[in-house]
Amino acid sequence: MMTLRAGIFTMLLAAATAVPVQAGTCIPVRVGYMDQHRPPYWLGEGDKVPDPPGAAVDLIHDAVVGAGFGCAPIWVRLPVARLKLALANGDIDLAPLGELSFYPAEIALPRDKAGNIDLERALHNKVLVLVRASDKLPASTNPMQFFKGKILGIPQGNGYATRLREAGLTLDEGGRDLERNIEKLKLGRVDGVVVAAVAPKHLQQTLDKHKGTVLQLQQPLLNIRVWLAFNDNFYRAHTPQSEALWTWLDKNRSRLGYVMQKYRKTD
């Protein structure tokens, strides 16, 4: 049985590499992502996809094309809280999904040879904290320790909010997006603002808008992973291309930094 399973895995891996899609074939992929403006990764509000759409959207586009689906993805913008349910129900085929304590059986994630969720074929993000410059916090501040007993503003619907609460932090999820939370910070309604970034320098443009009144603590609050997850039925119907997408992401980890270039001057 183990030999048979190993043989099947080898066949799938080979298929994922070759991606046998005939020329001119298009496998439509409905990609769901948040309907909130969180630059530089996701731009715009509501269901309309702006041009440019954001660095993370560009990366997913490149992954879908690079995996051999044969055509550009179909974008579906949804409230953050609806993404997981829409993916499980098959209303969308692919969506970013953060670390959860439980994953529905209807959602497919990359697996390693032992059948466990593959921690490598994921996007790695840092959860950082923005603070008021007037508070003059030292550069060595440990945010996980410092903010216990204080209030952190966090945009609605973040998957890592549960982990932060379990760590003993108090969160205010009343603000829809980062800018609204920064305004609450400046008004003294929260003591810090939580934001995810692939690299700390990616927040510089946001900080520049506030002319030195808001600073970023250098030590991350959390390190998190985000997977591009498929609806399980879609994955089973298009396994070679789905596996190829996860492998493409693993091999092109630095590409987000490349696509970020065109957003350096985008507001």
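This passage describes the overall fold, the largest pocket, helix 6 and several individual residues of a predicted model.

The protein chain contains ten helices and ten strands, and of its 267 residues 46% are buried. When contacts with a separation of 6 or more are considered, 71% of them are between residues that lie 24 or more positions apart in the sequence.

The largest pocket in the model has a volume of about 910 Å³. It is lined by 38 residues, of which Met34, Arg38, Trp42, Asn158 and Val226 are the closest to the centre of the pocket. Several elements contribute to this lining, since strand 1 (30–34), helix 2 (55–66), helix 3 (80–89), strand 3 (94–98), strand 5, strand 8 and strand 10 (222–231) each supply at least two residues. The largest share is that of helix 3, from which five residues of the lining come. Sorted by class, the lining consists of 28 nonpolar residues, together with five polar and five charged ones.

Helix 6 spans residues 178–186, and within this helix Leu178, Asn181, Ile182, Lys184 and Leu185 are buried. These buried residues lie on the same side of helix 6, because they cover an arc of only 160° around the axis. Such a pattern can be understood from the geometry of an α-helix, which has 3.6 residues a turn, so residues three or four places apart point the same way. The buried residues of helix 6 are covered by parts of the chain that include strand 5 (123–132), strand 6 (151–153), strand 7 (170–172), strand 8 (192–197), helix 7 (204–208) and strand 9 (214–216).

The two ends of helix 6 can be described separately. At the N-terminal end, Asp177 acts as a cap, with a side-chain oxygen that lies 3.4 Å from the backbone nitrogen of Glu179. Asp177 itself is found in the loop between strand 7 and helix 6, and Asp177 counts as buried because its relative accessibility is 6%, which is under the 20% limit used for buried residues. The side chain of Asp177 also makes a polar contact with the side chain of Arg180, at 2.4 Å. Leaving aside residues up to four places away in sequence, Asp177 touches Gln36, His37, Glu45 and Pro155. Just after helix 6, Gly188 takes a positive phi of about 85°.

The loop between strand 1 and helix 2 holds several prolines, among them Pro40, Pro50 and Pro52. Pro40 is joined to Pro39 by a cis peptide bond, for which omega is about 0°, and the peptide bond from Asp51 to Pro52 is likewise cis, with omega near 0°. Pro50 has a relative accessible area of 25% and is therefore partly exposed, as this value falls between the limits of 20% for buried and 50% for exposed residues. Apart from residues up to four places away in sequence, Pro50 is in contact with Leu43, Gly44 and Arg77.

Positive phi values also occur at two lysines that lie in loops. Lys136, although not a glycine, has a positive phi of about 50°; this residue is placed in the loop between strand 5 and helix 4 (143–146), where Lys136 is exposed with a relative accessible area of 71%. Lys211, which is not a glycine either, has a positive phi of about 50° and lies in the loop between helix 7 and strand 9. With a relative accessible area of 74%, Lys211 is exposed.

Tyr235 belongs to helix 8, which is formed by residues 232–237, and at a relative accessibility of 16% Tyr235 counts as buried. When residues up to four places away in sequence are not counted, Tyr235 touches Ala108, Phe230, Ser242, Glu243 and Trp246. With one of these residues, Glu243, the side chain of Tyr235 makes a polar contact to the side chain at 2.6 Å. Tyr235 and Asp93 are 142 residues apart in sequence, yet their C-alpha atoms are 8.3 Å apart in space.

Key: Residues are numbered from 1 along each chain as its sequence is written. This is a predicted model: local features need pLDDT of at least 70, side-chain atom pairs count only at pLDDT 80 or more; totals for chains, interfaces and linings use all residues. Side-chain values use heavy atoms; hydrogens and water are left out. Buried means under 20% relative accessible area, exposed over 50%, partly exposed in between (1.4 Å probe, protein chains only). Helices (H or I, at least four residues) and strands (E, at least two) are DSSP runs, numbered from the N terminus. The arc is that of the directions from the helix axis to the C-beta atoms. Contact means heavy atoms within 4.5 Å. A polar contact is a pair of N or O atoms within 3.5 Å; within protein, one must be able to donate a hydrogen and the other to accept it, and residues adjacent in sequence count only if both atoms are side-chain atoms. On a 1 Å grid over the protein atoms alone, a cavity is a set of points where a 1.4 Å probe fits but cannot get out, and a pocket is an open set with protein on both sides within 12 Å along at least five of seven lines; lining residues have an atom within 4 Å of a point. Grid points are joined across faces, edges and corners, and a volume is the space filled by probe spheres set on the points. Ala, Val, Leu, Ile, Met, Phe, Trp, Tyr, Cys and Pro count as nonpolar, Asp, Glu, Lys and Arg as charged, and the others, Gly among them, as polar.
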